[in-house]
Amino acid sequence: MSGEIEVFLDEAPGETRGAVLRDGRYTHLLIHRDGDLPQHRLGARSVGRVTEINPGLRGAFVDLGAGAPAFLPFHRNERLTQGERLEATVVAEPRAGKGAVLRRLGPGEGAPRLLEAAPSIAAQLRDLAGGGGLTTGLAAIDAVTEAEEEALASRHVFNSHGVDLAIERTRALIAVDIDHTAGTGRDPKQARAAANRLGLNQAARLISLRNWGGLIVVDLVGDAEDAAAGDKAARAAFFHEPQAVFGPISRFGLLQMSLPWRRTPIEEILFEAGRRPSVQTEVLALARALRRRLLSDTRSARVVARCAPDEAALLGPLAARMGPRASVRADADVRRGCGRIEGPDR
């Protein structure tokens with residue numbers, strides 16, 4: 001990817017968030033929460049102990065010293081024994097009830113434990129942006145909020161190009177539908193090619209923003225006659241992913257491809273089953289709102305977050321880390337997820 005880049009870092013009590021904005025559109029959203037297991041983050045290096053060999057899965061389950069066992073796939077004629085110690089790094093974070101995936105680095109010694117933590121969000125942002133400064137404060141809070149909203153949207157309309165893009169993740173695959181409103185005065189084949197280029201570029205960006213991978217099926221504009229142009233556009237859109245695998249475009253205009261999984265999907269970090277925000281997500285959102293008010297209103301002696309009692313119990317320690325001006329008030333009449341920030345506490 002190329003173009004003008006802005007990088008935002010929001011380090012707040014309870015979590016750290018980062019976002020990358022390239023040419024006015026978000027391409028990455030990173031979230032680390034205080035309760036995350038460091039052994040399971042992408043790039044973490046640990047000593048693990050083999051707890052189970054599974055020939056059917058062609059791999060082994062490895063205890064890293066915390067949380068569910070990680071999975072180590074076998075490569076070529078690799079052999080392991082139960083109880084063996086090894087050193088490994090995380091190449092894919094937990095998702096959809098599955099544990100982290102490892103790559104073996106060599107033999108290990110001692111009890112399962114973390115040897116080297118994964119890169120921080122600040123380090124990852126600098127790597128994604130090729131160095132440079134990080135924007136913090138109010139601008140960062142607003143930027144990561146905007147990036148989250150875009151990551152959770154299922155439909156994106158680009159009126160200037162007549163393109164309507166829908167992306168949905170199912171249990172089996174990611175479905176991308178590119179629709180195009182044909183204009184007048186332009187060659188239809190060129191118009192379809194332009195719509196597919198835009199749709200694929202934006203699909204690649206949004207899939208990256210959501211931390212998705214796996215099998216992807218794209219319903220392109222046109223049919224088999226446009227296959228060559230569609231294949232070229234797809235490879236150009238996903239050029240930043242060297243492990244992308246492309247299949248032939250069908251006579252129905254369907255492109256199949258796959259991407260590796262690396263990070264936990266954004267929606268799995270934010271939601272419980274059924275797409276309801278988790279208590280942690282709601283509390284952290286209220287903490288961000290409280291922190292934003294503290295930064296924007298520097299004159300008030302105190303700013304109050306009023307919320308349900310169970311949320312207040314979780315928010316209180318976070319607010320205490322924001323300084324004496326931050327206050328939390330439990331209110332039994334406030335429903336979960338309906339907390340609010342009030343002005344000066346007089």
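1. Let's start with a term you'll need: two strands pair if DSSP finds at least two bridges between them. Strands here are DSSP runs of E with at least two residues, helices are runs of H or I with at least four, and both are numbered from the N terminus. A good first example is Ala60, which stands opposite Leu72 in β6. Four bridges join β5 to β6 (residues 70–73), and the two strands run antiparallel. They make a hairpin with six residues between them, and Gly65 in the turn has a positive phi of about 100 degrees.

2. Before going further, a word on what you're looking at. This is a predicted model, so local features need pLDDT of at least 70 and side-chain atom pairs count only at pLDDT 80 or more, while totals for chains, interfaces and linings use all residues. Residues are numbered from 1 along each chain as its sequence is written, and side-chain values use heavy atoms, with hydrogens and water left out.

3. Now the overall picture. The chain has seven helices and 18 strands, and its C-alpha atoms fill a box of roughly 70 × 65 × 40 Å along the principal axes. Of its 346 residues, 46% count as buried. For that label, buried means under 20% relative accessible area, exposed means over 50%, and partly exposed is in between (1.4 Å probe, protein chains only). Among contacts (heavy atoms within 4.5 Å) between residues at least 6 apart in sequence, 63% join residues at least 24 apart.

4. Have a look at the open sheet of six strands, in the order β10-β11-β12-β13-β15-β14, with mixed pairing. Which strands stand at the edges? They are β10 (155–158) and β14 (245–246); each has a single partner strand, so one side of each is left without a neighbour in the sheet. Further in, β12 (residues 174–180) and β13 pair in the parallel sense over four bridges, and Ile174 has Ile216 of β13 as its bridge partner.

5. Stay with β10 for a moment. Four bridges join β10 to β11 (residues 163–169), running antiparallel, with Arg155 opposite Ala166. These two strands also form a hairpin, this one with four residues between them, and Gly162 in its turn has a positive phi of about 65 degrees. In a regular strand the side chains alternate between the two faces of the sheet. You can see this along β10: His156 and Phe158 point to one face and are buried, while Arg155 and Val157 point to the other and are not.

6. What about the inside? A nonpolar core is a set of buried Ala, Val, Leu, Ile, Met, Phe, Trp, Tyr and Cys residues joined through side-chain atoms within 4.5 Å. The largest one has 46 residues, and those touching the most other members are Ile167, Val176, Ile178, Leu200, Ile216, Val218 and Phe238. Helix α3 gives the largest share of this core, eight residues. Apart from it lies another core of 16 residues, including Val303, Leu318, Ala319 and Met322. Back in the largest core, pick out Ile167: leaving aside neighbours within four places in sequence, its contacts include Ser154, Val176, Leu206 and Trp212.

7. Two residues that aren't glycines have a positive phi. Arg58, at about 55 degrees, sits in the loop between β4 (45–54) and β5 (59–63). Asn211, at about 65 degrees, lies in the loop between α3 (188–209) and β13 (214–219). Are they buried or exposed? Arg58 counts as exposed at 57% relative accessibility, whereas Asn211 is buried at 10%.

8. How many disulfides (pairs of cysteine sulfur atoms within 2.5 Å) does the structure hold? Zero. Cys307 is in none, as the nearest cysteine sulfur, that of Cys338, is 11 Å away, too far for a bond. Cys307 is buried at 0% relative accessible area, while Cys338 is partly exposed at 38%.

9. Finally, the largest pocket. On a 1 Å grid over the protein atoms alone, a pocket is an open set of points where a 1.4 Å probe fits, with protein on both sides within 12 Å along at least five of seven lines; lining residues have an atom within 4 Å of a point. Lining the largest pocket are 24 residues, of which His28, Leu128, Glu241, Arg262 and Arg263 lie nearest its centre. The elements giving two or more residues to this lining are α1 (121–129) and α3, and α1 gives the most, with four.

Definitions and conventions:
A disulfide is a pair of cysteine sulfur atoms within 2.5 Å.
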